[in-house]
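Visitor: Please take one helix of this protein and look at it closely. What does it pack against, and how?

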Amino acid sequence: MLIDFESLQSRNRPLAWPSSRRRRGAHADGRIDFAAALADRHRYERQIERLHQRYILTSRLYELRQDDVSLASIVINRGKVARLLAKEVASGRYQLEPGELRTIRARHKLREVFACRLTDLIVHGVVADIVQEAVESRLSSRVFSYRKGVAWLSPVSDFAAYVRAARRAEPDVRRRGVYVLRRDVDSYTDSIPIDRDSPLWPMLEEGLGAPLHPLVRDVIRVEMKIPGGGIVCRIKGLPM
């Protein structure tokens, strides 16, 4: 274990995010400076607070543990933990550990999820946020899923406005020409290739620079423990 939790001092204080945090770690041309962003402790505090909000009303806040340290303790000492994690990750000393692939039932569907230790979960979240910021400008304005700051009501509101406009333009429903085709993408994240020749890597290099920081590939191509003691790495499907 790289972080000495026993040395943490209690600092249960509200988070105060700097208004310029989205620009922290950016090049002059707007491209993300990945190494500098990894050193930003505020990003780690943000991930800890996200975990806090997710489990705040559940027993998981105390049940989730790493080296006998609960998530609740990490939340209480989040300032210290964030500084230590940022320092370890930025220096290259931090090492991700293999996680476990689990199957859960969510909304009447079986889903494969990746379970990892708490500090790895925080680091995964930091890397994911940096990547999202790097590719945000390249996404279509009509992409609404998995995007921070985009409400799920936005596409519904836009569609409703389109239907109202079509209705006003043509009162006769038989001549209106508006149809609804309802479809869903099956196994979207599970179908994304992440092998060495995947088109994903050049796309990420456009926003993060080439070559990619090793941590980007390590977070996307996670190592997983399998029954029998082996460790594998998937070539298709993002960790969820």
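Guide: Axes here are lines fitted to C-alpha atoms, for helices over the stretch in contact, and angles between N-to-C directions run from 0 to 180 degrees. The model is a predicted one. The protein has nine helices and six strands, and the helix chosen is H5, residues 78–91.

Its length comes first. The 14 residues of H5 should span 20 Å at 1.5 Å a residue, and the end C-alpha atoms are 20 Å apart, which agrees. Just after H5, Gly92 has a positive phi of about 90°.

Two packed helices are described by the angle between their axes and the distance between the axes. For H5 and helix H2 (residues 41–55), the angle is about 130° and the axes lie 8 Å apart. Angles over 145 count as roughly antiparallel and those of 65 to 115 as roughly perpendicular; H2 and H5 are therefore oblique to each other. The crossing of H2 past H5 is right-handed. On the H2 side, the contact is made by Arg41, Tyr44, Glu45, Ile48, Glu49 and His52. H5 contributes Arg78, Gly79, Val81, Ala82, Arg83, Leu85, Ala86 and Val89. By type, the residues of this contact divide into seven nonpolar, two polar and five charged.

Burial in H5 covers Arg78, Gly79, Val81, Ala82, Leu85, Ala86, Glu88 and Val89. These buried residues pack against H2 and also against helices H1 (34–38), H4 (71–76), H6 (118–135) and H9 (214–220). In the protein, 32% of the 240 residues are buried. Of its contacts between residues at least 6 apart in sequence, 63% join residues at least 24 apart.

Key. Residues are numbered from 1 along each chain as its sequence is written. This is a predicted model: local features need pLDDT of at least 70, side-chain atom pairs count only at pLDDT 80 or more; totals for chains, interfaces and linings use all residues. Side-chain values use heavy atoms; hydrogens and water are left out. Helices (H or I, at least four residues) and strands (E, at least two) are DSSP runs, numbered from the N terminus. Angles under 35 degrees count as roughly parallel, over 145 as roughly antiparallel, 65 to 115 as roughly perpendicular and the rest as oblique. A crossing is left-handed if the near helix is turned anticlockwise from the far one by less than a right angle, and right-handed if clockwise. Contact means heavy atoms within 4.5 Å. Ala, Val, Leu, Ile, Met, Phe, Trp, Tyr, Cys and Pro count as nonpolar, Asp, Glu, Lys and Arg as charged, and the others, Gly among them, as polar. The expected span of a helix is 1.5 Å times one less than its number of residues. Buried means under 20% relative accessible area, exposed over 50%, partly exposed in between (1.4 Å probe, protein chains only).
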